[in-house]
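Subject: Structure for your review

Dear colleague,

Please find below the structure that I am handing over to you, together with its sequence. My notes on what was found in it follow directly after.

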Amino acid sequence: RQLWWGHRIPAYFVTVSDPAVPPGEDPDERYWVSGRSEAEAREKAAKEFGVSPDKISLQQDEDVLDTWFSSGLFPFSIFGWPNQSEDLSVFYPGTLLETGHDILFFWVARMVMLGLKLTGKLPFREVYLHAIVRDAHGRKMSKSLGNVIDPLDVIHGVSLQGLHDQLLSSNLDPSEVEKAKEGQKADFPAGIPECGTDALRFGLCAYTSQGRDINLDVNRILGYRHFCNKLWNATKFALRGLGKGFVPSPTSKPAGHESLVDRWIRSRLTEAVRLSNQGFQAYDFPAVTTAQYSFWLYELCDVYLECLKPVLNGVDQVVAECARQTLYTCLDVGLRLLSPFMPFVTEELFQRLPRRTPQAPPSLCITPYPEPSECSWKDPDAEAAMELALSITRAVRSLRADYNLTRIRPDCFLEVADEATGALASAVSGYVPAPARA
């Protein structure tokens with residue numbers, strides 16, 4: 001753990017050129033002094049030995065203080081302390097520190113103590129302790145076990161042979177290389193697939209619900225890569241539905257002619273925005289990722305986009321235009337919700353969207369994050385009606401699977417109990433029920 005660079009120990013070995021000064025009984029204690037500078041150490045040594053400063057020769061210790069000392073000074077030393085600067089006055093003290101719980105005393109406590117002692121101020125008010133990443137089996141990552149997962153390998157992908165080659169170029173003892181290879185072969189028989197930066201970041205934030213440890217399974221990260229593909233394809237389809245000449249309205253407010261599914265998806269978007277803001281304020285990142293994942297995958301893609309297909313090609317242009325404006329709002333707000341977790345794919349997709357106004361920010365990274373006050377379209381009635389329709393759909397699909405009707409397409413007729421249910425079915429799917437048959 002010896003550092004090659006750090007704060008040099010302010011201790012000096014003293015050599016006295018006056019022969020009248022006896023060597024003393026304990027040279028190690030007798031001939032060392034400390035000081036803030038060489039001049040201060042020289043004055044202390046001269047006073048200690050009772051000689052003039054010109055009789056003193058000093059040699060500073062070549063060693064450096066341990067890494068935690070230098071790290072403890074980090075919050076204010078990077079801004080030019082002890083010299084007062086504009087950066088120091090603006091950025092110190094900070095607000096939040098994020099770190100692992102395993103260095104709570106080694107680093108966090110030392111920053112607090114040194115900050116209070118040297119500046120009189122706490123360096124931060126809150127500390128977020130993240131989990132420690134382990135392998136899929138809960139074991140601590142070790143080169144000798146062959147279970148170390150390099151984030152770059154998850155981002156770019158690597159073959160099993162590539163993992164073996166990394167062992168050969170490491171400092172691992174040759175006797176442990178074969179054991180490590182067997183571990184890699186067991187955990188990654190086909191290597192590590194390319195997952196990308198966004199999928200890895202989203203996966204790690206979603207994993208934090210496990211507590212003090214994260215048992216990292218690359219297959220789950222791969223699942224979030226597929227989620228990125230879903231985002232791309234959904235946005236691509238939505239842009240085709242909007243059309244080349246589409247112009248978004250200056251505001252995201254409803255026009256007043258929205259259908260049931262339009263009101264429903266706006267209500268679900270409102271809930272996703274609320275849960276995201278609430279989760280960020282509480283540092284509950286799994287709640288945020290779950291809300292956004294569910295909105296995009298299970299509500300926008302699986303339900304709303306499917307319901308839009310007949311609407312966008314329908315004859316009622318007023319309803320179609322309301323649907324397009326609602327779809328654009330979902331894309332705009334949905335991408336802004338995801339941007340802290342997936343900045344790259346969301347930025348790419350955001351650049352393909354038309355802007356509401358010429359003054360809109362040119363980049364997603366400087367666009368304001370959605371606030372609950374911006375999306376206040378909660379509609380319990382629409383959600384209840386859609387939940388009834390979706391429950392009917394799930395029941396029909398379950399019956400179709402139970403009776404093995406997946407390979408044939410029998411004539412199906414919907415028998416409605418009353419006019420309200422028939423109106424609901426028509427509003428959801430545009431389907432006009434046929435007369436009931438036996």
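Pro93 sits in the loop that runs between α5 and β4 (96-100). The peptide bond leading into Pro93 from Tyr92 is cis, with omega near 5°. Please bear in mind throughout that this is a predicted model, and that every value given here is computed from it.

A cis bond also joins Trp81 to Pro82, and its omega is near 15°. Pro82 belongs to the loop between α4 (74-77) and α5 (86-91). These bonds merit a note because most peptide bonds are trans, just as most residues other than glycine have a negative phi.

On the latter point, Tyr283 has a positive phi, near 55°, although the residue is not glycine. Tyr283 lies in the loop between α12 (260-281) and α13 (285-312). Is Tyr283 buried or exposed? With a relative accessible area of 26%, Tyr283 is partly exposed, because the partly exposed class starts at 20% and residues under that value are called buried.

As to the protein as a whole, there are 17 helices and seven strands. The chain has 438 residues, and buried residues make up 38% of them. Where contacts link residues at least 6 apart in sequence, 71% of these contacts join residues at least 24 apart.

Leu231 offers an example of a contact between residues distant in sequence. This residue is part of helix α11 (residues 218-242). Its relative accessibility is 1%, so Leu231 counts as buried. Leaving aside residues up to four places away in sequence, Leu231 touches Trp296, Leu338, Met342, Val345 and Leu349. For Leu231 and Leu349, the separation is 118 residues in sequence, while the C-alpha to C-alpha distance is 8.7 Å.

Helix α9 (residues 174-187) was examined in more detail. Its 14 residues, at 1.5 Å a residue, should span 20 Å, and the C-alpha atoms at its ends are 21 Å apart, which agrees. Which residues of α9 are buried? They are Val177, Ala180, Lys181, Gly183 and Gln184. Viewed down the axis of α9, these buried residues fall within an arc of 165°, and therefore they line one face of the helix. They pack against α8 (160-168). On the face of α9 turned away from the buried side are the exposed residues Ser175, Lys179 and Ala186.

Finally, I turn to the pockets. Rolling a probe the size of a water molecule over the atoms shows where empty space is left. The second largest pocket holds about 390 Å³ of space. Its lining consists of 16 residues, and those nearest the centre of the pocket are His130, Ala131, Ile132, Val133 and Ile214. Two or more lining residues are given by each of β5 (126-130), β6 (132-134), α10 (197-207) and β7 (213-215). The largest share, three residues, is that of β6. By type, the lining of this pocket comprises eight nonpolar, three polar and five charged residues.

I should be glad to receive your comments in due course.

Yours sincerely

How values were computed
Residues are numbered from 1 along each chain as its sequence is written. This is a predicted model: local features need pLDDT of at least 70, side-chain atom pairs count only at pLDDT 80 or more; totals for chains, interfaces and linings use all residues. Side-chain values use heavy atoms; hydrogens and water are left out. Helices (H or I, at least four residues) and strands (E, at least two) are DSSP runs, numbered from the N terminus. The expected span of a helix is 1.5 Å times one less than its number of residues. Buried means under 20% relative accessible area, exposed over 50%, partly exposed in between (1.4 Å probe, protein chains only). The arc is that of the directions from the helix axis to the C-beta atoms. Contact means heavy atoms within 4.5 Å. On a 1 Å grid over the protein atoms alone, a cavity is a set of points where a 1.4 Å probe fits but cannot get out, and a pocket is an open set with protein on both sides within 12 Å along at least five of seven lines; lining residues have an atom within 4 Å of a point. Grid points are joined across faces, edges and corners, and a volume is the space filled by probe spheres set on the points. Ala, Val, Leu, Ile, Met, Phe, Trp, Tyr, Cys and Pro count as nonpolar, Asp, Glu, Lys and Arg as charged, and the others, Gly among them, as polar.
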